[in-house]
Amino acid sequence: MTSPEIASLSWGQMKIKGSNTTYKDCKVWPGGSRTWDWRETGTEHSPGVQPADVKEVVEKGVQTLVIGRGMSEALKDGIQGGQLDLDC
């Protein structure tokens, strides 16, 4: 099973192929997608993506992970020393 394809992307709007939902931010994984609410894990532009954000999609079977940094590349990836600790 593969992750859903991004059908369109523009400032503040992302559409996933096969879904009627328009996302501001989203997570996708093999067989699904959902809104990415930064408040759930305390994600902010800096320090960036939190381990819990990544852990959720890894647990859903993602083998390759792409972390978008946003249209202005302001979102940090939260990775220290090239490795992300998923013990959260």
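**View 1. The whole chain, with one helix and five strands.** Helices (H or I, at least four residues) and strands (E, at least two) are DSSP runs, numbered from the N terminus. The model is predicted: local features need pLDDT of at least 70, side-chain atom pairs count only at pLDDT 80 or more, and totals for chains, interfaces and linings use all residues. Residues are numbered from 1 along each chain as its sequence is written, and side-chain values use heavy atoms, with hydrogens and water left out. Start at the N terminus and you will meet the elements in the order β-β-β-β-β-α. Of the chain's 88 residues, 23% count as buried, where buried means under 20% relative accessible area, exposed over 50%, and partly exposed in between (1.4 Å probe, protein chains only).

**View 2. An open sheet of three strands, in the order β1-β2-β3.** The pairing in this sheet is antiparallel. The strands β1 (6–10) and β3 (22–23) stand at the edges with a single partner strand each, so one side of each has no neighbour in the sheet. Two strands pair if DSSP finds at least two bridges between them. Strands of a sheet pair through backbone hydrogen bonds, either parallel or antiparallel. Here β1 and β2 are joined over four bridges, while β2 (residues 13–16) and β3 pair over two bridges. To find your way, look for Ser-10 opposite Gln-13 in β2, and for Lys-15 opposite Thr-22 in β3. Strand β2 also has two faces: Met-14 and Ile-16 on the covered one, Gln-13 and Lys-15 on the uncovered one.

**View 3. The turns of the sheet, with Gly-12 and Gly-18.** The hairpin of β1 and β2 has two residues between the strands, and Gly-12 takes a positive phi near 75° there. Between β2 and β3 the hairpin has five residues, and Gly-18 in the turn has a positive phi of about 90°.

**View 4. The hairpin of β4 and β5.** Strand β4 (residues 26–29) pairs with strand β5 (residues 32–35) in the antiparallel sense over four bridges. Cys-26 stands opposite Thr-35 in β5. Two residues lie between the strands, and Gly-31 takes a positive phi near 95°.

**View 5. Aromatic rings: Trp-36 and Trp-38, then Trp-29.** Rings of Phe, Tyr and Trp (its six-membered ring) pair if their centres lie within 6.5 Å; planes under 30 degrees apart count as stacked, over 60 as edge-to-face and the rest as tilted. By this rule there is one aromatic pair. The ring centres of Trp-36 and Trp-38 are 5.7 Å apart and their planes meet at 45°, so the pair is tilted. Trp-36 is buried, with a relative accessible area of 13%, and Trp-38 is buried too, at 18%. At Trp-29, look for the charged end of Lys-60, which sits over the ring, 4.6 Å from its centre. (A charge sits over a ring if NZ of Lys or CZ of Arg is within 6 Å of the ring centre and within 35 degrees of the ring normal.)

**View 6. Backbone details at Pro-47 and Glu-73.** Most residues other than glycine have a negative phi, and most peptide bonds are trans. Ser-46 and Pro-47, however, are joined by a cis peptide bond, with omega about 20°. Pro-47 lies in the loop between β5 and α1 (51–59). Glu-73 is not a glycine, yet has a positive phi of about 55°. This residue belongs to the segment after α1 and is exposed, with a relative accessible area of 54%.
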